[in-house]
Every structure is written in structure tokens, then in C-alpha cells.
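Please look through the chain shown here, beginning with its overall form and then moving to its surface and its charged side chains. The paragraphs that follow take these topics in turn.

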Amino acid sequence: MTKLKEVDINYEQIVELVRQLEFEKKMALIRDIIREKSYKENFYLYTEALTKKYNIPEMSEEELDIFLHERN
């Protein structure tokens, strides 16, 4: 089996491959990805960057829910 790190695959190709999966396989893939420690660390770094970029103040869960719904 080919190692993906050595293969030149772009984002659009990955998206197309994932779209072809059955729903259950997509959910299994998502579960596998979110179990990874690096995913959790990167997710928190990404969300922290978004709060800085959009100047979102620190809020409770309820306040954040109201804030997000007002924006959309």
C-alpha cells in the first residue's frame, strides 16, 4: 500500500474521494480523525485564532449561541 505522505494529492481530490463514501463510512472517518490528539490541539488553536480574527469576546455557552445566531 502506498504511503500518502509520499503521494501528491490535493485537497479537491480528497474531497471528491470522501464524497464518494457511503454515509456510514464518512462518519467512521470523522470519528477516527477526531480521536487523534493532534486534531484536538489543532482544533483549539484554530478556534482561538478565529476568536482573535473576528474579535469575539469570551462568553458563556448561552451567550455564544445567541451571538452566533445573530450573525447568521
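The radius of gyration is taken here over C-alpha atoms, and the rule for a globule is 2.2 Å times the number of residues to the power 0.38. For a compact globule of 72 residues that rule gives a value near 11 Å, whereas this chain has a radius of gyration of 17 Å. The model is a predicted one, and its C-alpha trace spans about 50 × 25 × 25 Å along the principal axes.

The secondary structure of the chain consists of four helices and zero strands, so that, in the definition used, the runs numbered from the N terminus follow the order α-α-α-α. Of the 72 residues of the chain, 1% count as buried, where buried means a relative accessible area under 20%. The area that the chain exposes comes to about 7500 Å², and carbon and sulfur atoms supply 56% of it.

Where on this surface do nonpolar side chains form a patch? Leu 21, Leu 29, Ile 30, Ile 33, Ile 34, Tyr 39, Phe 43 and Tyr 44 form it, and together they have about 680 Å² of accessible area. Helix 2, which covers 23–35, and helix 3, which covers 37–53, each supply at least two residues of the nonpolar patch, and helix 2 gives the largest share, with four residues. Phe 43, one of the patch residues, has its place in helix 3. Why does Phe 43 count as partly exposed? Its relative accessible area is 39%, and the partly exposed class lies between the limits of 20% and 50%.

The charged side chains can be taken next. The chain has 12 positive and 16 negative side chains, and the centres of these two sets lie 6 Å apart. Side chains of opposite charge can pair when their charged atoms come close. How many salt bridges does the structure hold? It holds two.

One of them joins the side chains of Arg 35 and Asp 32, with an N to O distance of 3.1 Å. Both residues lie in helix 2, three residues apart, which corresponds to about one turn of the helix. Within this pair, Arg 35 is exposed, with a relative accessible area of 61%, while Asp 32 is partly exposed, with a value of 43%.

In the other salt bridge, the side chains of Glu 41 and Lys 37 meet at an N to O distance of 3.8 Å. Because Glu 41 and Lys 37 are four residues apart in helix 3, about one helical turn separates them. Glu 41 is partly exposed, with a relative accessible area of 42%, and Lys 37 is exposed, with a relative accessible area of 62%.

Beyond helix 3 the chain enters the loop that leads to helix 4, which covers 61–71, and Asn 55 lies in this loop. The phi angle of Asn 55 is near 55 degrees, a positive value in a residue other than glycine. Is Asn 55 buried or exposed? Asn 55 is exposed, because its relative accessible area is 65% and the exposed class begins over 50%. Asn 55 and Leu 45 are 10 residues apart along the chain, and their C-alpha atoms are separated by 15 Å.

Which residues form the negative surface patch? Glu 61, Glu 62, Glu 63 and Asp 65 form it. Among them, Glu 62 is found in helix 4, and Glu 62 is exposed, with a relative accessible area of 61%.

Taken as a whole, the predicted model is a chain of four helices in which 1% of the residues count as buried, with a nonpolar patch to which helix 2 and helix 3 each supply at least two residues, and with a negative patch that includes Glu 62.

Technical notes
Residues are numbered from 1 along each chain as its sequence is written. This is a predicted model: local features need pLDDT of at least 70, side-chain atom pairs count only at pLDDT 80 or more; totals for chains, interfaces and linings use all residues. Side-chain values use heavy atoms; hydrogens and water are left out. Buried means under 20% relative accessible area, exposed over 50%, partly exposed in between (1.4 Å probe, protein chains only). Accessible areas come from the Shrake-Rupley method with a 1.4 Å probe; for residues, only the protein chains shown count as cover. Lys and Arg count as positive and Asp and Glu as negative; His and the chain ends are not counted. The place of a charge is taken as NZ of Lys, CZ of Arg, CG of Asp or CD of Glu. Patches are made of residues with over 30% relative accessible area and no salt bridge: like charges are joined within 9 Å, nonpolar side chains (Val, Leu, Ile, Met, Phe, Trp, Tyr) within 5 Å. A salt bridge is a side-chain nitrogen of Lys or Arg within 4 Å of a carboxyl oxygen of Asp or Glu.
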